[in-house]
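Please read the sequence and the structure shown here together with the report that comes after them.

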Amino acid sequence: MLELAIGIILGCCALGAGAAMIAGIGPGIGEGNAVAAACEAIGRQPESKGDVTSTMLMGCAVAETTGLYALVIAILLIFVAPNLLVDILLKAVGK
Amino acid sequence: MPSDIIHYSLFFIRYSFFLKGCVKEKMEKQKLNPKLTDALLIGGMILPIAVGALLKILLIPAAEGVEISGAHIFFTLPLPLGGLPITETQVNQWLVMFSLLFICLYLTHGLKAIPDRKRQHLAEWIVEQTEKLVKGNMGEYFADFAPFIGAVLGLSAFSSLLSLTGLFPPTSDLNVTAGWAILVFILITYYKMKCGPIRYLKSFAEPVPFLAPLNVISEFATPVSMAFRHYGNILSGTVISVLLATALQGLSRLILGWLPGFLGEIPLFRIGLPAVFSVYFDIFSGCLQAFIFAMLTMLYVAGGFPAEDYFKKQKQKTKKASKKTSIKNLEVI
């Protein structure tokens, strides 16, 4: 029974991490839009390439934030949560 | 983490004085043999990294198979408020700082009014570029921020690049980036308070007082997002590098596994290929994150500063002061 419980904890942590990374879609689309717009701008005004590129990188970094929140949560779920939860379970069972 | 902040603030102050003082003014004539000092300084650059590698080899047990773990804890200092663990992160961070210090010394020692060495050109270029960046993004008022931004850029970039030597990069620990982000948060709040605490509190009630809780949350989201961004990018690079190396190992075993003896264990796909990805994940990503962290620091600090009101107040103050002095002068007469 205990093995089953621990198995459920591990499996659900992995599933949660996978589900959290769905958030990667948003930054992907957003950064794609940003880069497309930057390419357009450079095509229209090639002399402003430096400014456009640095602004684009800044914007990409800010757009990436939500994806990174998801990444941090996924990493916590994979590397930190299982140990914690199993400890809690073992304490509750009394072993 | 508080200890981290003290370390970094100390380092930033030292380093900023250093950049400002050394490059702009001519240094005294050196008495030592210049070649010897050069050798000593280059040794000082490489020695910290060698020490780090030695510590890693001697004190940290080798991982078996794939292992992605946090920083290794060397020992725990007993302190009144709970123990302070001295981890790989802190040790490596100090090593990077020493290495950077010696790089600065190497670049700036023996400066002349008419530069005759390449390193002086490099040092001048770095200082000029940093000042240009700061003035362009923050305005004239914040021109004194250049050394601080230079220190943030240098420390962050070199900390991330430490992963090229196989050591644990300090920026892939949340404590380090959170320490920096808290430092930046204090700076932002300080410059927001320049027009008095009442105006600072009022700024939360804009545009409608009803939105105040949301404004408070977004205020605290700034350092959190800065810390997570830097940490997440560097850590994800490390994790992907490890996974990639393992996957390539498996692939080469799958294809060459039927060969007899040691031929079957040649990691064919691990030769060179991970280096190509490391160019992106270690070099590009590390430098880009350093740039972005410095850039966001500049934007937030300059954006939070109520420039118009502050300068108006200053003008009024000087007017009042001049009036007062003139009245006093009249009384005296």
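The report below covers the confidence of the model, the make-up of chain B, its core and the contact between the chains.

## Basis and confidence

This is a predicted model, in which local features need pLDDT of at least 70 and side-chain atom pairs count only at pLDDT 80 or more, while totals for chains, interfaces and linings use all residues. Residues are numbered from 1 along each chain as its sequence is written, and chains are lettered from A and ligands numbered from 1 in the order in which they are written.

The model scores ipTM 0.74 and pTM 0.80. For chain B the mean pLDDT (the predictor's confidence in each residue, from 0 to 100) is 82, with 88% of residues at 70 or more. Among the elements of chain B, the lowest mean pLDDT, 55, belongs to helix H1 (residues 2-24) and the highest, 92, to H6(B). Where pLDDT is low, the predicted coordinates should not be read in detail.

## Architecture of chain B

Chain B holds ten helices and two strands, taken as DSSP runs numbered from the N terminus (helices H or I of at least four residues, strands E of at least two). From the N terminus on, the order of these elements is α-α-β-β-α-α-α-α-α-α-α-α. Contacts are counted where C-beta atoms, placed from the backbone, lie within 7 Å; among those in chain B between residues at least 6 apart in sequence, 72% join residues at least 24 apart.

Strand S1 (residues 73-77) of chain B is joined by four bridges to strand S2 (residues 84-87), and the two run antiparallel, pairing being accepted if DSSP finds at least two bridges. One of the bridge partners is Thr87(B) in S2(B), which is matched with Ile73(B). The hairpin has six residues between its strands, and there Gly82(B) takes a positive phi near 75 degrees.

## Burial and the nonpolar core

A residue is buried if 20 or more other C-beta atoms, placed from the backbone, lie within 10 Å of its own, exposed if 12 or fewer, and partly exposed in between. Of the 333 residues of chain B, 26% count as buried, yet none of the five residues of S1(B) does. Gly150(B), in helix H5 of chain B, is buried because it has 25 C-beta neighbours inside 10 Å, whereas Leu201(B), in helix H7 (residues 197-202) of chain B, is exposed because it has 11. In H6(B) the buried residues include Trp180(B), Val184(B), Ile188(B) and Tyr191(B).

A nonpolar core is a set of buried Ala, Val, Leu, Ile, Met, Phe, Trp, Tyr and Cys residues joined through C-beta atoms within 7 Å. The largest one has 52 residues, of which Ile149(B), Val152(B) and Ala294(B) touch the most other members. Its largest share, nine residues, comes from H5(B). Leaving aside neighbours within four places in sequence, Val152(B) is in contact with Phe293(B), Ala294(B) and Thr297(B).

## Contact between the chains

Ten residues from chain A and ten residues from chain B make up the contact. On the side of chain A that touches chain B, the elements giving two or more residues are helix H3 (49-63) and helix H4 (65-93) of chain A, and the largest share, six residues, comes from H4(A). The residues on this side divide into eight nonpolar, one polar and one charged, where Ala, Val, Leu, Ile, Met, Phe, Trp, Tyr, Cys and Pro count as nonpolar, Asp, Glu, Lys and Arg as charged, and the others, Gly among them, as polar.

Technical notes
Contact = placed C-beta atoms within 7 Å.
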